[in-house]
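Trainee: I should be grateful for a close look at one part of this model, namely the metal sites and the elements that supply their donors. Please take the surroundings into account as well.

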Amino acid sequence: MEPMDLFGLKSLLICALIFVPLEHMLALRTQQKIFRKGIGTDVIYAVVNGAFLKICIILMAAAAMGVSASLVPEKVTMTVSGQATWLQVVEIIIVADLGVYASHRAFHAIPALWRFHAIHHGIEELDWMVSFRAHPVDQIITKAVSLLPVFFLGFSSEAITVYFIIATGHALFLHSNVRVNFGPLKWVIASPQFHHWHHADQRDAYDKNFASHLAVIDALFGTFHIPGSRMPEKYGVDEPIPTDYIGQHGYPFVRGTQQGRNTGDAVVKPTPEEVARR
Ligand SMILES: [Zn+2]
Ligand SMILES: [Zn+2]
């Protein structure tokens, strides 16, 4: 990484040059604007939180490699880093995505964690910029669980760099406002349709599709949900996520906020009869 690109402005510009035209060509929701509600907040996430996350990942890598040097036999790390780069990249994707799956599922299942993750689910229009919107606690835990084993095992820095490029591109693509048909590959590789259903504010889709690269992990663990060729009707959560950057960072720490996804029936809107009875 170039020192000047800590804030990722150049990368962000390159991503915009790829994803804005792509969303235009393959648009899922044609009425959705590029400068949709909350886009300014997401730019701050991309630049400020992106820089902070980069620093955290560099520190994580240094710590993990230090520990690895004294714990993991050199034979192992030499064997791992001696493999062909493409093979290492495939292995990193599998190792890291099992970590993403486990931590992401925990973020949905444990109420105290959900409050952090709810920030990512708070958005009601999906596009590529949404991938940057996540609470730092959410991002750091997810990166630690998914990347520490990768750093620990001694994969080459070349393979790790290629993985980061693929991971970023894939995350942006998953959130894009696009309609793409993956055919039977939808069972193996995470598609925009797969991740859009993860963001659906529809009960049958809650707590499904946790993987970030390999949909097959969800298929294996019984959390895969893609109903035919349909796309969700609406995205978001049934809890009042603040719309501003600072408010979103404080949200998990504010007492008394409801936990939409995890308290079961709490999110079911009462019928008019039930309201009348109260
Ligand atoms: Zn989620
Ligand atoms: Zn997402």
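Mentor: The account below begins with the chain as a whole, moves to the two sites, and ends with selected residues elsewhere.

The model is a predicted one. Its chain contains 11 helices and 0 strands, so that a run of the elements from the N terminus reads α-α-α-α-α-α-α-α-α-α-α. Of the 278 residues, 47% count as buried. Among contacts between residues at least 6 apart in sequence, 76% join residues at least 24 apart.

Consider the zinc ion (ligand 1). Its protein donors are the NE2 atoms of His-104, His-108, His-117, His-121 and His-198, which lie 2.0 to 2.2 Å from the ion. Written as a sequence pattern, the spacing of these donor residues is H-x3-H-x8-H-x3-H-x76-H. Two of the donor residues, His-108 and His-117, are both buried.

The packing of helices α4 and α5 belongs to this picture. Helix α4 covers residues 85-109 and helix α5 covers residues 111-121; the two pack at an angle of about 105°, and their axes are 6 Å apart. Angles of 65 to 115 degrees count as roughly perpendicular, and α4 and α5 are therefore roughly perpendicular to each other. On the side of α4 the contact is made by His-104, Ala-106, Phe-107, His-108 and Ala-109, and on the side of α5 by Pro-111, Leu-113, Trp-114, Phe-116, His-117 and His-121. Sorted by class, this contact of α4 with α5 has 7 nonpolar, 4 polar and no charged residues. His-104, His-108, His-117 and His-121 thus appear both in the helix contact and among the donors of the zinc ion (ligand 1).

The zinc ion (ligand 2) has the protein donors His-120, His-175, His-195 and His-199, in each case through NE2, lying 2.0 to 2.1 Å from the ion. The 4 donor atoms subtend angles of 92 to 157°. Four donors count as tetrahedral if all angles lie between 85 and 135 degrees; with the angles reaching 157°, the arrangement around the zinc ion (ligand 2) is irregular. The sequence spacing of the donor residues is H-x54-H-x19-H-x3-H. Among them, His-175 and His-199 link distant parts of the chain: His-175 belongs to helix α7 (residues 157-175), whereas His-199 sits in the loop between α8 (192-198) and α9 (215-221), and the two are 24 residues apart. Both His-175 and His-199 are buried.

The loop between α8 and α9 deserves further attention for its backbone. Asp-207, which is found in this loop, has a positive phi of about 55° although it is not a glycine. Asn-209 is placed in the loop between α8 and α9 as well, and its phi, near 55°, is again a positive value in a residue other than glycine. In accessibility, Asp-207 counts as partly exposed at 27%, while Asn-209 counts as buried at 0%.

Another loop to examine is the one between α7 and α8, where Asn-177 lies. Asn-177 has a relative accessibility of 5% and so counts as buried. Although 153 residues separate Asn-177 from His-24 in sequence, their C-alpha atoms are 8.5 Å apart in space. Leaving aside residues up to four places away in sequence, Asn-177 touches Glu-23, Leu-26, Ala-27, Leu-28, Arg-29, Gln-32, Leu-126, Asp-127 and His-196.

Helix α6 (residues 136-153) offers two further residues for inspection, one of them Val-150. Val-150 is buried, with a relative accessible area of 1%. Val-150 lies 55 residues from Val-95 in sequence and 6.9 Å from it in space, C-alpha to C-alpha. Apart from residues up to four places away in sequence, Val-150 touches Ile-92, Val-95, Ala-96, Phe-155 and Ile-160.

Leu-153 is also found in helix α6, but at 31% relative accessibility Leu-153 counts as partly exposed. The C-alpha atoms of Leu-153 and Ala-64 are 9.0 Å apart, with the two positions 89 residues apart in sequence numbering. Under the exclusion of residues up to four places away in sequence, Leu-153 touches Thr-77 and Val-80.

Key
Residues are numbered from 1 along each chain as its sequence is written. Chains are lettered from A and ligands numbered from 1 in the order in which they are written. This is a predicted model: local features need pLDDT of at least 70, side-chain atom pairs count only at pLDDT 80 or more; totals for chains, interfaces and linings use all residues. Side-chain values use heavy atoms; hydrogens and water are left out. Axes are lines fitted to C-alpha atoms, for helices over the stretch in contact, and angles run from 0 to 180 degrees between N-to-C directions. Helices (H or I, at least four residues) and strands (E, at least two) are DSSP runs, numbered from the N terminus. Angles under 35 degrees count as roughly parallel, over 145 as roughly antiparallel, 65 to 115 as roughly perpendicular and the rest as oblique. Contact means heavy atoms within 4.5 Å. Ala, Val, Leu, Ile, Met, Phe, Trp, Tyr, Cys and Pro count as nonpolar, Asp, Glu, Lys and Arg as charged, and the others, Gly among them, as polar. Donors are N, O and S atoms within 2.8 Å of the metal (3.2 Å for Na, K and Ca); water is not among the atoms, so sites may look incomplete. Four donors count as tetrahedral if all angles lie between 85 and 135 degrees; four count as square planar and six as octahedral if opposite donors are over 155 degrees apart and all others between 65 and 115; anything else is irregular. Buried means under 20% relative accessible area, exposed over 50%, partly exposed in between (1.4 Å probe, protein chains only).
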